Amino acid sequence: GEPAASQDQPSTTSRANDWMTKIPAHLTQTLHVCSEHKKPRKLVITLEKIRKETTYSRQQQLGIIFFSKIKTLQYVSKLLLNDNIPCQELHSHLPQAAREQSVQRFQCGQVPLLLATDIAARGIHVNNIHFVINYDFPGNLEQYVHRCGRAGRGVGAEAAHVFSFFTRNMAPMAADVIRLLEANHQW
């Protein structure tokens, strides 16, 4: 029993380290620990902070906000539109033509904020995405890495950022998330 466990440990560690290194080194990752009911306000504050930091830039920054549930995405979409924050939805309940239009409007910067489920975590290859917000932290770290990978393509190192809201229900993942952040020299 004991020697086999020791032999398994390095392969598990090396596999974990393999995908920990898939997060681009130039991305700044920020983890916000918060209550579920405080996430809408925290999102608006985070978006205001991003907007203030980019007021010196003439180019509007593209960003994706990821959600686990379409219902939550739609709720936040209404909230943002009511606050005059333009956004576009991308999820599986939209017809294919509407999905393509959402991506096109986002890609050209007509609507700089895309609200998406994990349908966009792997399939969207858009350059110049300056930030990703994980409104709902994904259920596994591999999905987190894929979401992070949407940001920073064709963007300067100082501009790419991933913000994640981490709630109490995600506590079983906390130790792994901390290891991932430390492996990427993030706090």
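User: Buried means under 20% relative accessible area, exposed means over 50%, and partly exposed is what falls in between. In which of these classes does N140 belong?

Analyst: Happy to start there, with the reminder that this is a predicted model. N140 sits in the loop between strand 5 and helix 6. Its relative accessible area is 39%. That value is between 20% and 50%, so N140 is partly exposed.

User: How far apart are the C-alpha atoms of N140 and M170?

Analyst: Along the chain, N140 and M170 are 30 residues apart. In space, the separation of their C-alpha atoms is 9.8 Å.

User: Which stretch of the chain should I avoid reading in detail?

Analyst: Taken as a whole, the chain has a mean pLDDT of 83, with 79% of its residues at 70 or more. Where pLDDT is low, the predicted coordinates should not be read in detail. One stretch stays under 50 and has zero contacts beyond four places in sequence, and that is residues 1-16.

User: In what order do the helices and strands come?

Analyst: The chain contains seven helices and six strands. Read from the N terminus on, the order of the elements is α-β-α-β-α-β-α-β-α-β-α-β-α.

User: What share of the contacts with a separation of 6 or more joins residues 24 or more positions apart?

Analyst: For some background, the chain has 187 residues, of which 42% count as buried. Among contacts with a separation of 6 or more, the share from residues 24 or more positions apart is 76%.

User: Where do the buried residues of helix 2 lie around its axis, and what arc do they cover?

Analyst: Helix 2 takes in residues 39-53 and reaches 21 Å from its first C-alpha to its last, close to the 21 Å expected. Its buried residues are K39, P40, L43, V44, T46, L47 and I50. These lie on the same side of helix 2, because the arc they cover is only 160°.

User: Which residues of helix 2 are exposed on the other side?

Analyst: The buried residues of helix 2 are covered by parts that include strand 1, strand 2, helix 3, strand 4, strand 5 and strand 6. On the other side of helix 2, the exposed residues are R41, K52 and E53.

User: How many residues apart in sequence are the parts that the F67 and Y135 pair ties together?

Analyst: The whole structure holds four aromatic pairs. F67 and Y135 form a tilted one, at 5.0 Å centre to centre with 40° between the planes. F67 lies in the loop between strand 2 and helix 3, and Y135 in the loop between strand 5 and helix 6, so the parts tied together are apart in sequence by 68 residues.

User: Which residue joins F67 and Y135 in a cluster of ring pairs?

Analyst: F67 and Y135 are both buried. Ring pairs link them into a cluster with F165.

User: Is the pair of F137 and Y144 stacked or edge-to-face?

Analyst: Both residues are buried: F137 has 5% relative accessibility, and Y144 has a relative accessible area of 3%. Their rings are 5.1 Å apart centre to centre, with 20° between the planes. Planes under 30 degrees apart set the class here, so the pair is stacked.

User: How many disulfides does the model contain?

Analyst: C108 is exposed at 57% relative accessible area, whereas C148 is buried at 0%. A disulfide would need a pair of cysteine sulfur atoms within 2.5 Å. By this rule, the number of disulfides is zero.

Definitions and conventions. Residues numbered from 1 in each chain as written. Predicted model: local features only at pLDDT ≥ 70, side-chain atom pairs only at ≥ 80, totals over all residues. Heavy atoms only, no water. pLDDT = per-residue confidence, 0-100. Contact = heavy atoms within 4.5 Å. Buried < 20%, exposed > 50% of the residue type's maximum accessible area, 1.4 Å probe, protein only. Phe/Tyr/Trp six-rings, centres within 6.5 Å; stacked < 30°, edge-to-face > 60°. Helix = DSSP H or I, 4+ residues; strand = E, 2+ residues; numbered from the N terminus. Expected span 1.5 Å × (residues − 1). Arc of directions from axis to C-beta.
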